[in-house]
Amino acid sequence: MTTGAAMTTRDLPTDLYLDGRWVPASDTGRFDVTDPSTGEIITSVADGTVDDARTAVDAADRAAAGWAQTPPRQRAEVLRRTFELMTDRAEQLARLITAENGKALADARGEVAYAAEFFRWYSEEAVRASGTVQTAPSGANRILVVPQPVGICVLVTPWNFPAAMATRKIGPALAAGCTMVLKPASDTPLTALAIAAILDEAGVPPGTVNVLPARRSGAVVSAMLHDPRVRKLSFTGSTEVGRVLLKEAADHVVNTSMELGGNAPFLVFADTDLDAAVDAAMVAKMRNGGEACTAANRFYVESPIAAEFAARLGSRMAALHVGPGLDERSQLGPLINEPAVDKVATLVDDAVAAGAQLVTGGARIDRPGSYFQPTVLADVPPDAAILGTEIFGPVAPVVAFDAEDEAIRLANATEYGLVSYVHTGDLARGLRVGEALESGMVGINRGVVSDPAAPFGGVKESGIGREGGHDGMLDYLEPKYLAVDW
Ligand code: NAD
């Protein structure tokens, strides 16, 4: 298997990265990593055990004091070197992401740039962890607040952005002075291991970042959350698994950050520039092939333009070139695996059976690998399962609405609250609707909100805490309060 001109599987790290060394799993177990564009095995990776998890936490514990005391400027320089190395290796990393995740190369290249940027941003933030000092209202003493690293972190990441979801946690945790164990998704462990090799080369001390692929993720993560030395869990993944981990974290009252699922509404008002709205819809829906927590999941379009919007979106979707991600012509690669295709197919079939009109697509693609046609559905009944479920695939359901308050009510009728999108020619309306939408982020006349400099995160069952921006580092710091008589 070749993941690109410059990298073959022989070059890839596939063991556990513990205490600055590459080691096999304690029981020598391994698991396969598969290319979703062909279904073929790329290579195998060491399968971390509960014993390995203890070894990882031991290493993070030994490294903790040294890294916390490393001058912020020095931590910043290590982060900056990591950014530069990642940028130098961008093409190799993009090809590796595509090989194990399936996404089109353009998406993978975009992900590497986004992922590397977290190291640059947090190299700049590492020296800005300031505290406060104030006089107590009584005048009797001073209130001094100094930020301290939260402690050993367990980081758990999904397969859909194998690089960015890891760096969005590692960057701020390193900047804050924490040590950590990363458990990447079992579908995509190779990218995380490649990033570990870069961190090692950039001079991150042994034990500071440990990477532990493990197929028995429940047992391995649970063991770490029940080790009293672990003080932080940062999880990105489904709300279903997030709920389980919140309960596990409760046993030792571990500090948690949760980046969970979404069900993003995309509102289009009749006063909008329709071409611009369709452009933004393509990005909001199809970035990462629809496999993004931020993916527009439901399109609510004002009645006078609903049919036209669906038709234009349908032509754009139908024109996409679908094929293996490593083929430069491909704009849409395969979904991550067959169960993902089954889920998308069932949602589409159910919507059509309930009365939705198929504008384009609607079926799996008959070729090796896990492909589904880019699909647009119009006149989707408001109670169709597809509007209440995270689709995670290239399918856009369109629903017409008549009034602004109706659109807001429909958009908010979900347990999720990650991101929403609003398209209108009236900025006052955009801001008014944006404030009324129950989500942590709102894109106004934009199809992308993700930015390493901005606080990314959800409300309701989409999560707790923020990643990115200055807030992202605060998630890894505890404010220590010193009452001082001076
Ligand atoms: P997932 O919840 O199945 O898995 C996420 C991670 O948790 C993986 O590393 C997995 O191995 C691990 N895991 C699974 N079960 C576990 C358990 N019982 N105990 C401990 N760890 C366990 O999610 P996924 O399918 O990898 O990713 C897709 C989901 O992630 C979608 O719901 C998507 O919306 C969400 N996501 C959210 C964000 C965000 O920032 N809010 C970003 C990307 C993805």
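Of the 28 residues around the ligand, which come nearest? In this predicted model, the residues that come nearest to the ligand are Thr157, Arg168, Ser238, Leu260 and Glu390, out of the 28 that surround the ligand. The ligand itself sits in the largest pocket. Several elements of secondary structure contribute to its surroundings, since α5 (164-176), α7 (217-225), β12 (230-236) and α8 (239-250) each supply at least two residues of the shell. Among the contributors to this shell, α7 provides the largest share, with 3 residues.

Polar contacts to oxygen atoms of the ligand are made by side chains as well as by the backbone. An N or O atom in the side chain of Ser238, a residue already listed among those that come nearest to the ligand, lies 2.6 Å from an oxygen atom of the ligand. For Lys183, a polar side-chain atom is placed 2.8 Å from a ligand oxygen. Gly237 takes part through its backbone, an N or O atom of which lies 3.4 Å from an oxygen atom of the ligand. Taken alone, the ligand exposes 850 Å², and the protein buries 85% of that area.

Away from the ligand description, helix α13 (residues 404-412) offers a view of the packing between elements. The buried residues of this helix are Glu404, Ala407, Ile408, Leu410, Ala411 and Asn412. These buried residues pack against the strands β14 (264-268), β15 (296-302) and β18 (395-401), and also against helix α14 (427-436).

Ala280 belongs to helix α9, which spans residues 274-286. Its relative accessible area is 9%, and Ala280 is therefore classed as buried, the limit being under 20%. When its neighbours within four places in sequence are left aside, Ala280 is in contact with Phe266, His423, Arg446 and Gly447. By contrast with these contacts, the C-alpha atom of Ala280 is separated by 57 Å from that of Ala140, a residue 140 positions away along the chain.

Ser330 is located in the loop between α10 (303-318) and α11 (338-353). Although Ser330 is a loop residue, its relative accessibility is 5%, so that Ser330 counts as buried. The side chain of Ser330 reaches the backbone oxygen of Pro324 at a distance of 2.8 Å. Pro324 also appears in the list of contacts of Ser330 beyond four places in sequence, together with Ala104, His321, Val322 and Gly323.

Two residues other than glycine are notable for the sign of their phi angle. Asp19, in the loop between β3 (16-18) and β4 (21-23), has a positive phi of about 55° although it is not a glycine. With a relative accessibility of 23%, Asp19 counts as partly exposed, because this value falls between the limits of 20% and 50%. Lys460, which lies in the loop between β20 (441-444) and β21 (463-464), likewise has a positive phi, in this case near 50°. The relative accessible area of Lys460 is 35%, and this residue is therefore also assigned to the partly exposed class.

How values were computed
Residues are numbered from 1 along each chain as its sequence is written. This is a predicted model: local features need pLDDT of at least 70, side-chain atom pairs count only at pLDDT 80 or more; totals for chains, interfaces and linings use all residues. Side-chain values use heavy atoms; hydrogens and water are left out. Helices (H or I, at least four residues) and strands (E, at least two) are DSSP runs, numbered from the N terminus. Buried means under 20% relative accessible area, exposed over 50%, partly exposed in between (1.4 Å probe, protein chains only). Contact means heavy atoms within 4.5 Å. A polar contact is a pair of N or O atoms within 3.5 Å; within protein, one must be able to donate a hydrogen and the other to accept it, and residues adjacent in sequence count only if both atoms are side-chain atoms. A residue is near a molecule or strand if one of its heavy atoms lies within 4 Å of it. Accessible areas come from the Shrake-Rupley method with a 1.4 Å probe; for residues, only the protein chains shown count as cover. On a 1 Å grid over the protein atoms alone, a cavity is a set of points where a 1.4 Å probe fits but cannot get out, and a pocket is an open set with protein on both sides within 12 Å along at least five of seven lines; lining residues have an atom within 4 Å of a point. A molecule sits in a cavity or pocket if more than half of its atoms lie within 2 Å of its grid points.
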